[in-house]
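Good morning, and thank you for joining this group meeting. I would ask you to keep the structure in view while I speak.

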Amino acid sequence: MDTKITVTDASVPTNSNVGCPSNGIVSSIQSSVSPSVIASSDATLGRHLARRLVQIGVSDVFSVPGDFNLTLLDHLIAEPGLKNIGCCNELNAGYAADGYARSRGVGACVVTFTVGGLSVLNAIAGAYSENLPVICIVGGPNSNDYGTNRILHHTIGLPDFSQEFRCFQTVTCYQAVVNNLEDAHEQIDTAISTALKESKPVYISISCNLPAIPHPTFSRDPVPFCLAPKVSNQMGLEAAVEAAAAVLNKAVKPVMVGGPKLRVAKASEAFVELADACGYPVAVMPSAKGLVPECHPRFIGTYWGAVSTAFCAEIVESADAYIFAGPIFNDYSSVGYSLLLKKDKAIIVQPERVVVANGPAFGCILMKDFLKALSKRLKCNTTAYENYHRIYVPDGQPLRSDPKEPLRVNVLFQHIQKMLSSETAVIAETGDSWFNCQKLKLPKGCGYEFQMQYGSIGWSVGATLGYAQAVPNKRVISCIGDGSFQVRHLA
């Protein structure tokens, strides 16, 4: 069945990231043919799930086959537009879905019951920490085995089918256990919708005997998939902008700092729009590298307390007002909670909440709405950037290496820097690469991803596969933890 994505507002261009509809627009997915009875071989749970994945923008699923999911996989790969990418183990399949979601806006993996589910669990926890909508699909026990007190293989030897489910409850925003066909349609659609709305992983377990069985709920073209848009409280928005503008317009040398939640708020463009309008210097927190274009004329680097890039901390910490968009102040990003910042100088903008100068808090306000509205209220002030420009000293060049001497890290990363362009993307592993990759200067259009909040060792290997599969025209550079690197390019 040929499908196409449409939006209800024809004046707005279609966003290729279908998991992230623009604010104020109801994103819907409609069949290009009128409702008609589908052939019985297609009117199955497995094909319905496959169609839904294609409709939300997933064209690749990362899987490890097992006897509980074999039939389901057959039906998934029978769907035009959906490709199965086999992985060496479930953990890497989960990491790959994570990397895929970073580029496409949503990812999916398919594993088998318990032995596969508990293996992929760590990757799903990482996706949860990074606010990535990953749909984790598990081939579950035969529906006839529920309530029989039977012991199944691939388990720990107890007649408890809920062990895997209970583990996933803490690292997913919704869990669906599909062991009958009557409510399968509703459970699958609710799970997928919740993943996209919350930008978090979900868990879908499907009994192994159900994917191939036709059912009347799947016998017609699916009802168009629709996500109701989130909207800001208009009165609250106006009040928040008024309060923030009053603080910032009185400041002598204000600055802007981007945080990692710019991604989940889909507010990177609004952040740049504000930077263009106000004239403030622009920095990013380490976990937000790649979310703000470093080619911006007033970009001053990474703010990371005592380990910031050169001269960035001096400008941020000496400011008399700062606006942080989407920050996460954990022990890593705050260098052991040592940042020299004062709450009464800070405007903290979260995806749906604004706190002004440690005083009034405003809820039900979307970050991108706030940033766009604020850009129209601020006076242009370039004082802080002029101070940065006055004290800035360009980086020196590392000494040339003799061919026989050990390779130094600064020389290695000088070579990596020369490889970067708009056609590349960098995947940085936890460890040394975290710190060294922060010094890279990303050209316009160069992708950059790393997992700072969860910091799972080995994440970059699977994530490189997923990211490269999502953007086959990019050259993906994977920097692993000891400072070495690999290059992956999928044409």
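**A walk through the predicted model**

Let us begin with a single pair of residues: Ile427 has Glu449 as its bridge partner in β18. I should say at once that this is a predicted model. The pair belongs to a parallel arrangement in which strand β17, residues 424-428, is joined to β18 by four bridges.

Is strand β18 covered on one face or on both? Strand β18 spans residues 447-450, and both of its faces are covered. On one side Gly447 and Glu449 are buried, and on the other side Tyr448 and Phe450 are buried. This division follows a general pattern. In a regular strand, side chains alternate between the two faces of the sheet.

Let me now step back to the whole protein. It has 15 helices and 20 strands. Of its 491 residues, 52% are buried. Among contacts with a separation of 6 or more, 71% are between residues 24 or more positions apart.

I turn next to the parallel sheet. Six strands form this open sheet, and their order is β4-β3-β5-β6-β8-β7. Strands β4 (83-86) and β7 (175-178) stand at the edges; each has a single partner strand, so one side of each is left without a neighbour in the sheet. From one strand to the next, the twist averages 20°.

Within this sheet, β5 (residues 107-112) and β6 (residues 134-140) run parallel and are joined by six bridges. Cys109 stands opposite Cys136 in β6. As a reminder of the general principle, strands of a sheet pair through backbone hydrogen bonds, either parallel or antiparallel.

Which strands does helix α2 touch as it packs on the sheet? Helix α2, residues 70-77, touches β3 (60-63), β4, β5, β6 and β8 (202-207). The direction of α2 makes about 150° with that of β5. Helix α15, residues 459-470, also packs on the sheet, touching β3 and β4. The direction of α15 makes about 160° with that of β3.

The next topic is the mixed sheet. Seven strands form an open sheet in the order β12-β11-β10-β13-β14-β15-β16, and the pairing is mixed. Its edge strands are β12 (299-302) and β16 (361-363), each of which pairs on one side only. Here the twist averages 15° from one strand to the next.

One antiparallel pair in this sheet is formed by β15 and β16, over three bridges. Val354 stands opposite Phe362 in β16. Two helices should be noted here. Helix α7 packs on the sheet and touches β14, β15 and β16, with its direction at about 35° to that of β15. Helix α11 packs on the sheet and touches β13, β14 and β15, with its direction at about 150° to that of β13.

How do α7 and α11 meet one another? From α7 come Leu237, Ala240, Val241, Ala244, Ala245 and Leu248, and these meet Asp369, Phe370, Ala373 and Leu374 in α11. The two axes come within 10 Å and cross at roughly 50°. The helices α7 and α11 are therefore oblique to each other, and the crossing of α7 past α11 is right-handed.

This brings us to the nonpolar cores. In soluble globular proteins, nonpolar side chains tend to be buried together. The largest nonpolar core has 38 residues, of which Ile323, Phe370, Leu371 and Leu374 touch the most other members. Among the elements that give two or more residues to this core are α7 (234-250), β13 (322-325), β14 (346-350) and α11 (367-375). The largest share, seven residues, comes from α7.

Which residues does Leu374 touch, not counting those up to four places away in sequence? They are Val241, Ala244, Ala245, Leu248, Leu274 and Ile323. Apart from this core lies another, of 33 residues, including Leu49, Ile56, Val106 and Ile192.

I close with one loop residue. Ser334 is found in the loop between β13 and β14. Is Ser334 buried or exposed? Residues under 20% relative accessible area count as buried. Ser334 has 3% relative accessibility and so counts as buried. The C-alpha atoms of Ser334 and Val307 are separated by 10.0 Å, although these residues lie 27 residues apart along the chain.

Notes
Residues are numbered from 1 along each chain as its sequence is written. This is a predicted model: local features need pLDDT of at least 70, side-chain atom pairs count only at pLDDT 80 or more; totals for chains, interfaces and linings use all residues. Side-chain values use heavy atoms; hydrogens and water are left out. Two strands pair if DSSP finds at least two bridges between them. Axes are lines fitted to C-alpha atoms, for helices over the stretch in contact, and angles run from 0 to 180 degrees between N-to-C directions. Contact means heavy atoms within 4.5 Å. A nonpolar core is a set of buried Ala, Val, Leu, Ile, Met, Phe, Trp, Tyr and Cys residues joined through side-chain atoms within 4.5 Å. Buried means under 20% relative accessible area, exposed over 50%, partly exposed in between (1.4 Å probe, protein chains only). Angles under 35 degrees count as roughly parallel, over 145 as roughly antiparallel, 65 to 115 as roughly perpendicular and the rest as oblique. A crossing is left-handed if the near helix is turned anticlockwise from the far one by less than a right angle, and right-handed if clockwise.
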